[in-house]
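Trainee: Got a minute to go through this one with me? I'd like to start with the side chains.

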Amino acid sequence: MSRATISESPSGPDTRELQAIYSRRFQSNLEYRRRVWRVLVKQVFQPYVPQSGTVLDLGCGYGEFINTVVAATKYGMDLNPASAQHVGPAV
């Protein structure tokens, strides 16, 4: 198993490299993961999240969880700046 390394600069990881890693790892099965997260949120997580609550998804990736969970206020945070393109307008 190979492990990707991310170049560090004084301002943090190289964002182009990080985006390339995310794309290789996650883009090909994105719709499948969205379907899985819809089931997980509905059957496992949503009962613990009040609709009037706030959710912070650290490492939100492409937003599968945070886009699906129902909450009044939703935040997603990830090192990959491309994550912002995947989260919904309510996040």
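Trainee: First up, what does Arg 34 count as at its relative accessibility?
Mentor: Arg 34 counts as partly exposed, because its relative accessibility is 27%. Buried here means under 20% relative accessible area and exposed means over 50%, with partly exposed in between (1.4 Å probe, protein chains only).

Trainee: Before I go on, where do these numbers come from?
Mentor: It's a predicted model, so keep in mind that local features need pLDDT of at least 70 and side-chain atom pairs count only at pLDDT 80 or more, while totals for chains, interfaces and linings use all residues. Residues are numbered from 1 along each chain as its sequence is written, and side-chain values use heavy atoms, with hydrogens and water left out.

Trainee: OK, back to Arg 34. Which residue does Arg 34 form a salt bridge with?
Mentor: Glu 31, with the closest N and O atoms 3.8 Å apart. By salt bridge I mean a side-chain nitrogen of Lys or Arg within 4 Å of a carboxyl oxygen of Asp or Glu. Both residues sit in helix H2 (residues 30-45), three residues apart, which is about one turn of the helix. Helices (H or I, at least four residues) and strands (E, at least two) are DSSP runs, numbered from the N terminus.

Trainee: And what does Glu 31 count as at its relative accessibility?
Mentor: Partly exposed, because the value for Glu 31 is 40%.

Trainee: How many salt bridges are there by this rule?
Mentor: Three. In another one, Arg 38 pairs with Glu 31, the closest N and O atoms being 3.5 Å apart. Arg 38 has 42% relative accessibility, so Arg 38 counts as partly exposed. Then Glu 64 and Arg 33 meet through their side chains at 2.4 Å, N to O. Glu 64 belongs to helix H3 (residues 64-68) and Arg 33 to helix H2, so that pair ties together parts 31 residues apart in sequence.

Trainee: Are Glu 64 and Arg 33 buried or exposed?
Mentor: Glu 64 and Arg 33 are both buried. As for shared partners, salt bridges join Glu 31, Arg 34 and Arg 38 into one network.

Trainee: Switching to rings. How many aromatic pairs does a search of the whole structure find?
Mentor: Three. Rings of Phe, Tyr and Trp (its six-membered ring) pair if their centres lie within 6.5 Å; planes under 30 degrees apart count as stacked, over 60 as edge-to-face and the rest as tilted. Among them is Trp 37 with Phe 65, which is edge-to-face because the planes are at 70°, with the centres 5.8 Å apart. Trp 37 is in helix H2 and Phe 65 in helix H3, so this pair ties together parts 28 residues apart in sequence.

Trainee: Which of those are tucked away?
Mentor: Phe 65 is buried, with a relative accessible area of 16%. Trp 37, at 27% relative accessibility, counts as partly exposed.

Trainee: Anything else on Phe 65?
Mentor: The rings of Phe 45 and Phe 65 have their centres 5.8 Å apart and their planes at 85°, so that pair is edge-to-face too. Phe 45 in helix H2 and Phe 65 in helix H3 are 20 residues apart, so the pair links distant parts of the chain. Phe 45 is partly exposed, at 33% relative accessible area. Ring pairs link Trp 37, Phe 45 and Phe 65 into a cluster.

Trainee: New topic: strands. Which side chains of strand E3 are buried?
Mentor: Along E3 (residues 54-58) the side chains alternate: Val 55 and Asp 57 point to one face and are buried, whereas Thr 54, Leu 56 and Leu 58 point to the other and are not. E3 runs parallel to strand E4 (residues 73-77), joined by five bridges; strands pair if DSSP finds at least two bridges between them. Leu 58 stands opposite Met 77 in E4.

Trainee: And helix H1, which residues are buried there?
Mentor: Leu 18, Ile 21 and Tyr 22 are buried in H1. They cover an arc of only 100° around the axis, which puts them on the same side of H1; the arc is that of the directions from the helix axis to the C-beta atoms. Arg 16 and Arg 24 are exposed on the other side of H1.

Trainee: Last one: how do the elements run from the N terminus on?
Mentor: β-β-α-α-β-α-β, which comes to three helices and four strands. Of the 91 residues, 30% count as buried.
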